[in-house]
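Reader: Please take me through one part of this model at close range. I would like the sheet and the side chains that pack around it. Keep it brisk.

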Amino acid sequence: QVVIADDNSLDFTTAMTIECWVKTTDAEGTFAVKQGGYYRIETVGGKASFLIYTGSNKRVTGTSTVNDGKWHHIAATYDQTNMKIYVDGKLENTLAETGTISTSSTQLILGSEGSATYFTGSLDEIRLFNVAKTEAQIRTDMFQGGTLASSTGLVARYKCDEGTGTSLEDSSSNTNTGTLSSAFWAGAGTFTQGTSTLVMAKSGTQSLNFYSSDNFNNITINAG
């Protein structure tokens with residue numbers, strides 16, 4: 001897990017976005033939680049799920065299975081009108097809600113629910129914003145590992161590309177650095193021609209750079 005000390009920039013009341021890339025087989029596992037349950041993003045029954053506390057727990061859960069051991073982009077937003085959950089750039093569910101998210105002086109934790117129950121899987125490009133991003137903004141930046149097209153309201157961004165050490169750098173201006181414990185870095189992945197599958201969300205214009213002698217196998221472009 002990764003523990004990030006409490007900071008006012010990590011407390012949201014009327015608007016927020018939290019997003020990350022996830023690869024897991026956990027049917028129940030927490031990706032990120034502001035300890036105390038004030039907001040969290042996780043899997044519930046193998047579906048992506050977003051919870052906030054506005055005097056009582058409010059939850060919206062996606063419809064597609066994400067604990068299939070493949071990489072998925074999960075995003076959740078709140079704008080004091082609706083809670084929304086997105087999977088791979090597509091809106092899957094909406095819950096009407098107008099309350100104010102309670103704040104706390106507790107830690108933000110990545111990769112566990114803050115106890116001995118740890119998330120099993122991999123996380124990448126974890127981002128938190130104090131604004132509710134639109135579906136178009138989420139799609140535009142979901143594959144972006146560099147400069148974001150829409151960085152308004154960015155309060156924390158964890159690229160997870162250190163590879164070694166016990167610190168997780170926040171590349172936003174707030175320097176909400178995380179400390180790793182009970183965790184390890186994943187090595188570089190391997191794409192095997194003929195067996196590995198590349199799945200791309202239909203989000204504007206996507207591009208692949210290749211040489212004229214290259215062949216492609218197993219490329220899927222999702223509708224939406």
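Author: Start with a term. Two strands pair if DSSP finds at least two bridges between them. The model is predicted.

With that rule, six strands make an open sheet. Their order is E9-E8-E7-E2-E11-E12, and the pairing is antiparallel. E9 and E12 (154-158) stand at the edges. Each has a single partner strand, so one side of each is left without a neighbour in the sheet. On average, neighbouring strands of this sheet are turned by 15° against each other, with direction ignored.

Take the E9 edge. Strand E8 covers residues 82-87 and strand E9 covers residues 90-96. Six bridges pair them in the antiparallel sense. One residue to find there is Tyr86, whose bridge partner in E9 is Leu91. The hairpin of E8 and E9 has two residues between the strands. Asp88 takes a positive phi there, near 55°.

Now move along the order to E2 and E11. Strand E2 spans residues 16-24, and strand E11 spans residues 121-129. They run antiparallel and are joined by seven bridges. Lys23 has Ser122 as its bridge partner in E11.

Trp21 is the residue to look at in strand E2. At 15% relative accessibility, Trp21 counts as buried, because the cut-off is under 20%. Leaving out residues up to four places away in sequence, Trp21 touches Trp71, His72 and His73. Its contacts also include Ser122, Leu123, Asp124 and Glu125. Met142 and Phe143 complete the list. The side chain of Trp21 reaches the backbone oxygen of Met142 at 2.7 Å. Arg127 is 106 residues from Trp21 in sequence, yet the C-alpha to C-alpha distance is 9.7 Å.

Next come the rings. A pair of aromatic rings is described by the distance of the centres and the angle of the planes. The count comes to four aromatic pairs. In one of them, the rings of Phe12 and Tyr39 have centres 5.3 Å apart. Their planes stand at 45°, so the pair is tilted. Phe12 sits in the loop between strand E1 (2-4) and E2, while Tyr39 is in strand E4 (residues 39-44). The two are 27 residues apart, and the pair links distant parts of the chain. Phe12 counts as buried at 2% relative accessibility. Tyr39 is buried too, with a relative accessible area of 1%.

Trp21 and Phe143 form an aromatic pair as well. It is tilted, with 5.6 Å centre to centre and 45° between the planes. Trp21 lies in strand E2, and Phe143 in the loop between helix H1 (135-141) and E12, so the pair ties together parts that are 122 residues apart in sequence. Trp21 is buried, whereas Phe143 counts as partly exposed at 38% relative accessibility.

Finish at the E12 edge. Ser172 has its place in the loop between strand E13 (167-168) and strand E14 (178-180). Ser172 is buried, with a relative accessible area of 9%. Setting aside neighbours within four places in sequence, Ser172 is in contact with Leu154, Val155, Ala156 and Arg157. The side chain of Ser172 reaches the backbone oxygen of Val155 at 3.0 Å.

Methods: Residues numbered from 1 in each chain as written. Predicted model: local features only at pLDDT ≥ 70, side-chain atom pairs only at ≥ 80, totals over all residues. Heavy atoms only, no water. Helix = DSSP H or I, 4+ residues; strand = E, 2+ residues; numbered from the N terminus. Axes fitted to C-alpha atoms, helices over the stretch in contact; angles between N-to-C directions. Phe/Tyr/Trp six-rings, centres within 6.5 Å; stacked < 30°, edge-to-face > 60°. Buried < 20%, exposed > 50% of the residue type's maximum accessible area, 1.4 Å probe, protein only. Polar contact = N/O pair within 3.5 Å; in protein donor to acceptor, adjacent residues only side chain to side chain. Contact = heavy atoms within 4.5 Å.
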